[in-house]
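Subject: Structure handover

Hi,

Here is the structure I promised to pass on. Have a look at it first, and then read my notes underneath.

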Amino acid sequence: MDQYLLTRLEYDRAVDAGAFRPGARLELIEGKLHAMTPQGTAHTTGLHLVANYLREAFGPGHVIRIQNPLAIGDYSEPEPDIAVVAGNVRDYRHVHPTAAHLVVEVAQTSLADDRIVKQALYASCGIPEYWILAIPEDRLEVYREPEGDRYRCVKHLVAGDQVAPLARPDALVAVEDLLP
């Protein structure tokens with residue numbers, strides 16, 4: 001049976017036309033609609049801890065987008081928990097960003113999907129760095145050096161470790177400060 005894959009343009013038009021129920025949490029991945037999982041309190045706490053750190057680390061000239069679309073490829077428009085993009089908020093008034101310095105997913109129930117589907121998507125689109133705040137495992141997974149649909153360098157960091165984004169190597173943070 002053939003599948004019909006939505007393009008980003010078709011998806012955006014459907015959203016603009018009100019084709020989905022109000023409040024529907026969807027994202028387009030490789031032409032397919034995916035329902036986003038509900039957020040627990042640990043997820044929300046982790047998201048804000050990471051976002052606060054990244055705002056400080058990147059400062060002016062960058063936007064820390066929280067659960068907003070990232071237009072990557074013709075068939076994908078994920079809504080990562082956090083994306084660090086260049087520019088200012090008004091740069092994206094008429095178009096979603098197509099690139100990011102860093103994408104972060106906070107995973108409580110979506111860990112397998114974030115490790116497999118999202119990692120492949122972000123790597124294949126050339127996102128230079130991808131982090132997963134793995135709540136059930138109390139660790140931060142750092143993915144760097146995209147090659148095809150994977151990252152060549154993967155580090156698992158825990159309390160006691162430090163990390164800094166590739167684009168801001170002087171902005172070290174203790175991993176435990178990011179964990180909820």
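Below is what turned up when I went through it.

A word on conventions before the details. This is a predicted model, so local features need pLDDT of at least 70 and side-chain atom pairs count only at pLDDT 80 or more, while totals for chains, interfaces and linings use all residues. Residues are numbered from 1 along each chain as its sequence is written, and side-chain values use heavy atoms, with hydrogens and water left out.

Let me start with the interior. The largest nonpolar core (buried Ala, Val, Leu, Ile, Met, Phe, Trp, Tyr and Cys residues joined through side-chain atoms within 4.5 Å) has 26 residues. Those with the most contacts inside this core are Tyr-53, Leu-54, Ile-82, Trp-131, Leu-140, Val-163 and Leu-178. Two or more residues each come from α2 (41-58), β4, β5 (102-107), β6 (129-134) and β7 (139-147); helices here are DSSP runs of H or I with at least four residues, strands are runs of E with at least two, and both are numbered from the N terminus. The largest share, seven residues, is supplied by α2. There is also a second, separate core of 20 residues, with Val-63, Ala-100, Ala-123 and Ile-132 among its members.

Ile-82 has contacts (heavy atoms within 4.5 Å) with a list of residues beyond its neighbours within four places in sequence, including Leu-47, Val-50, Ala-51, Leu-54, Ile-64 and Arg-65. Leu-102, Val-103 and Val-104 are on that list too.

That brings me to Arg-65, which sits in strand β3 (residues 62-66). Is Arg-65 buried or exposed? Its relative accessibility is 10%, so Arg-65 counts as buried (buried is under 20% relative accessible area, exposed over 50%, partly exposed in between, with a 1.4 Å probe and protein chains only). Leaving out residues up to four places away in sequence, Arg-65 touches Asp-81, Ile-82, Ala-83, Val-85, Tyr-92, His-96 and Pro-97. With one of these, Tyr-92, there is a charge over a ring: Arg-65 lies over the face of Tyr-92, 5.6 Å from the ring centre (the criterion is NZ of Lys or CZ of Arg within 6 Å of the ring centre and within 35 degrees of the ring normal). A polar atom of the Arg-65 side chain also makes a polar contact, 2.9 Å from the backbone oxygen of Pro-69. For polar contacts I used pairs of N or O atoms within 3.5 Å; within protein, one must be able to donate a hydrogen and the other to accept it, and residues adjacent in sequence count only if both atoms are side-chain atoms.

Gln-119, in helix α3 (residues 111-124), is another buried polar residue, at 13% relative accessibility. The Gln-119 side chain reaches the backbone oxygen of Arg-115 at 2.8 Å. Beyond neighbours within four places in sequence, the contacts of Gln-119 include Tyr-130, Tyr-143 and Tyr-151.

Those three tyrosines turn up again with Tyr-122, as the four form one aromatic cluster. In the whole structure, the search finds five aromatic pairs (Phe, Tyr and Trp rings, the six-membered one for Trp, with centres within 6.5 Å; planes under 30 degrees apart are stacked, over 60 edge-to-face, the rest tilted). One of them is Tyr-11 with Phe-20, a tilted pair at 6.0 Å centre to centre and 45° between the planes. Tyr-11 is buried at 4%, whereas Phe-20 is partly exposed at 26%.

Two backbone oddities, if you like that sort of thing. Most residues other than glycine have a negative phi. Glu-30 has a positive phi near 50°, in the loop between β1 (26-29) and β2 (32-35), and is partly exposed at 44%. Gln-67 also has a positive phi near 50°, in the loop between β3 and β4 (82-86), but Gln-67 is buried at 17%.

Finally, the cysteines. How many disulfides does the structure hold? Zero, where a disulfide is a pair of cysteine sulfur atoms within 2.5 Å. The sulfur of Cys-125 has its closest cysteine sulfur in Cys-153, and at 20 Å that is too far for a bond. Cys-125 is partly exposed at 32%, and Cys-153 is partly exposed at 21%.

Cheers
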